[in-house]
There are 2 protein chains.
Amino acid sequence: MNMEQLSATLAAIASPQRMLILAELQGGRVHVSELARRVGMSRALLYMHLAKLEASGFITTSLELSPEGTALKHVALAPFSLNVTIDTIAEAVAHATVANQQGETP
Amino acid sequence: MNMEQLSATLAAIASPQRMLILAELQGGRVHVSELARRVGMSRALLYMHLAKLEASGFITTSLELSPEGTALKHVALAPFSLNVTIDTIAEAVAHATVANQQGETP
DNA sequence: TGCGGGTGTAACAATATACTGACGCCTGTC
DNA sequence: GACAGGCGTCAGTATATTGTTACACCCGCA
């Protein structure tokens, strides 16, 4: 994992709002509008947070048809375990440094 | 660890600049001006980053007199190991929720 | 046909974070 | 005394993040 990825991943959970979302999802998958109600935020805002969480693999989403025929976007917790030590960071930094000094798209 | 603390701690390392600082410190303690040179940022900016890192316990600082009599602020890496899982987060959220719902300063 | 409840996104405002440049103060040396 | 090098901080600016409001569209149902 390089520095940018690690940074993005950590930033994704380093937010009280997103922690709330994850905690809420622990009880099982929920569709977006319902989730918005539970955590008390607008759908638009929730979408932004979900995008970050999904980009770093903390959640998965799936659009499905309910029995009543309406579309529901289910969001579910993805299993994860983050272990960060000075070595994790040093390794991430090492990759980034190489990329920066040698160029990445020749 | 409550939600705000966890959030601040994660945010502290969720930054490429601060990862760079930590990686640099792995080689041993360095004084501020020298560190600023090595990571290529202004002292003023570095101070801001160091404040966040120190607040979350990733580094320690100590002001000492050099043999030449000038003051040097040494920055050293503090040992740490961060393990984040859904349970870590759920627990942090649980604490925050209680604090919010019951009020904290009666 | 007009709700009520979903999805998805664009435009904008507000706030937090990162960053710059300059200042003052201290010490030792030429 | 002038310079070089260290410390610490403030005011101001740029940029990123967070949050709001409003829109368009789809489906089922009374």
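Two strands count as paired here if DSSP finds at least two bridges between them. By that yardstick, in this predicted model, β2 and β3 (residues 71–77) of chain A pair in the antiparallel sense over seven bridges. Within this pairing, A:Ser62 has A:His74 of β3(A) as its bridge partner. Helix α2 (residues 16–25) of chain A packs on the sheet and touches β1, β2 and β3 of chain A, with its direction at about 95 degrees to that of β3(A). Helix α4(A) packs on the sheet too, touching β2 and β3 of chain A; here the angle is about 120 degrees, taken against β2(A).

As for the sheet itself, it is open, with three strands of chain A in the order β1-β3-β2 and antiparallel pairing. β1 (30–31) and β2 (59–65) sit at the edges with a single partner strand each, so one side of each has no neighbour in the sheet.

Turning to the contact between the chains, chain A puts in 25 residues and chain B 26. On the chain A side, two or more residues come from each of α1 (3–13), α2, β4 (82–84) and α5 (86–102), and α1(A) gives the largest share, six residues. That side breaks down into 18 nonpolar residues, six polar and one charged. β4(A) and β4 (residues 82–84) of chain B run antiparallel, joined by three bridges, and A:Leu82 stands opposite B:Val84.

Then there is the DNA. Strand D is surrounded by 22 residues, with A:Ala44, A:Leu45, A:Gly69, B:Ser33 and B:Ala44 the closest. Ten of the residues on this surface are nonpolar, eight polar and four charged. The elements supplying at least two residues each are α4 (43–55) of chain A and, from chain B, α3 (32–39), α4 (43–55) and β3 (71–77).

Definitions and conventions: Residues are numbered from 1 along each chain as its sequence is written. Chains are lettered from A and ligands numbered from 1 in the order in which they are written. This is a predicted model: local features need pLDDT of at least 70, side-chain atom pairs count only at pLDDT 80 or more; totals for chains, interfaces and linings use all residues. A residue is near a molecule or strand if its C-beta atom, placed from the backbone, lies within 6 Å of it. Helices (H or I, at least four residues) and strands (E, at least two) are DSSP runs, numbered from the N terminus. Ala, Val, Leu, Ile, Met, Phe, Trp, Tyr, Cys and Pro count as nonpolar, Asp, Glu, Lys and Arg as charged, and the others, Gly among them, as polar. Two residues are in contact if their C-beta atoms, placed from the backbone, lie within 7 Å. Axes are lines fitted to C-alpha atoms, for helices over the stretch in contact, and angles run from 0 to 180 degrees between N-to-C directions.
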